[in-house]
Amino acid sequence: MKFTDIFRRVNHRVREARDRMTEKSREAGDRMRSVIDTFSDEWMESAFHRYRQMLAPSPDSLPSDFRLRESSLPRRIYERLFPVDHVFRMSWKYGAPFLEDFMPISPDAFAGRGSYKFVYRLPWRMVLKVSKEILPSDPIFGSMYREVARNPERFLSAEELELLEHLCQRKGSSTKEKLHFKFHRLGMERYHYWRVREALPDLVLPTRFFMGKRYRKHFVTEGFSEKVTPMDSQIMLLGRHLKEFAQAVRPADQNSVARALSPKYDFTFHGERFGRVKKKVLVKIMDDFKRLIRFTQDLALNEKLIYDIHTENIIITLPEFELKIFDFHIFDHHLYAGGGDFERPEREHVEVLERFLESLSGMGGD
Ligand SMILES: Nc1ncnc2c1ncn2[C@@H]1O[C@H](COP(=O)(O)OP(=O)(O)O)[C@@H](O)[C@H]1O
Ligand SMILES: [Mg+2]
């Protein structure tokens with residue numbers, strides 16, 4: 001083969017590869033650009049309108065996990081001395097910072113918490129989630145966070161960016177850095193939500209992510225202390241965690257080192273623990289679980305991203321018996337430490353879901 005032929009071929013391949021890459025990044029760019037535009041204020045308002053009119057039901061109908069609700073003694077004392085009182089959504093309007101959406105909360109309305117948020121019941125049928133303080137070294141801040149930090153305007157609205165700029169004025173570099181981190185974290189939450197919602201729109205709860213201001217009452221002065229932090233609000237789900245359907249939970253067979261690092265559990269489920277379920281409803285929920293499993297597997301295999309759907313991140317609503325997703329955190333595979341199997345951490349979640357599916361397939365219904 002002549003040298004010029006080889007040169008031409010190589011050249012052709014390089015061009016092809018370059019075109020493919022450009023196409024891919026454009027595709028990714030288009031997808032990302034739509035993140036902030038997907039959830040306009042009007043869309044959120046219409047999704048929440050009905051629930052804003054409903055009084056919150058008694059806490060008994062909420063999924064409960066007393067370990068999650070229980071705080072340590074120092075924390076409980078702190079909450080009594082400086083009780084949370086209310087929050088506002090912060091935005092930028094009329095050329096100035098603007099507070100709207102008054103939401104009263106109290107330590108008694110604490111509904112639960114995960115690793116990243118404190119969740120409060122609102123007086124109407126919605127919940128408010130206040131982000132916990134976490135360090136930039138936390139495993140949640142992986143490639144998706146970096147994408148947000150590189151292109152914040154795709155994940156944060158123009159008003160939010162104006163607000164950030166305003167808050168940074170006349171501040172030292174470390175305060176500025178902290179503020180950027182908070183806003184990028186907000187963008188990342190929105191990005192996680194968007195990824196899951198694109199794939200499973202009907203299973204995902206409409207969620208509004210916003211920069212909020214939280215007020216704590218001071219026990220002596222009766223004044224308030226305030227803090228700017230990312231928050232989100234969501235429809236309140238009535239039902240049970242997947243975990244609460246477990247009939248028996250026992251530690252899985254693991255060696256002592258693996259157990260100390262990341263304990264695994266074997267679940268045996270009883271699908272009809274909270275009442276009999278109709279055949280039609282069963283077929284629908286099984287199909288939904290299969291879609292969730294497929295999404296989790298594809299994300300892990302194709303993008304090396306781990307969707308954190310453990311048994312406390314899934315609620316089955318009652319009496320409808322529907323699967324609903326309310327926590328959207330996605331981790332980079334190499335940063336995720338939740339799973340027992342470090343090679344395929346998503347398998348652990350998928351196996352638990354499959355076991356629940358098995359328990360449903362054995363059920364009769366009408
Ligand atoms: N929409 C909701 N309705 C009712 N309870 C909720 C809702 N969202 C969260 N919770 C409760 O709060 C807990 C923590 O919420 P989650 O969003 O998972 O926070 P994190 O991101 O910190 O894990 C959940 O396990 C659940 O008990
Ligand atoms: Mg959670």
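**Exercise 1. In what order do the seven strands of the open sheet lie, and what is the sense of their pairing?**

Step 1: Strands here are DSSP E runs of at least two residues and helices are H or I runs of at least four, both numbered from the N terminus. Two strands pair if DSSP finds at least two bridges between them.

Step 2: Reading across the open sheet gives β2-β1-β6-β7-β5-β4-β3, with antiparallel pairing.

Step 3: At the edges sit β2 (96-104) and β3, each pairing on one side only.

A word on the source: this is a predicted model, where local features need pLDDT of at least 70, side-chain atom pairs count only at pLDDT 80 or more, and totals for chains, interfaces and linings use all residues. Residues are numbered from 1 along each chain as its sequence is written, while chains are lettered from A and ligands numbered from 1 in the order in which they are written.

**Exercise 2. Over how many bridges do β6 and β7 pair?**

Step 1: Find β6 at residues 207-217 and β7 at residues 224-235.

Step 2: These two strands pair in the antiparallel sense over 11 bridges. Within β7, D232 stands opposite F209.

**Exercise 3. Where does ligand 1 lie with respect to domain 1 and domain 2?**

Step 1: Take the residues near the ligand (C-beta atom, placed from the backbone, within 6 Å of it). Of the 23 residues around ligand 1, G112, G114, Y116, L237 and D327 come nearest.

Step 2: Among the elements, β3 gives the most to this shell, with three residues.

Step 3: Ligand 1 lies between domain 1 (39-236) and domain 2 (240-361), because both give residues to its shell; the domain bounds come from an automatic or database domain assignment.
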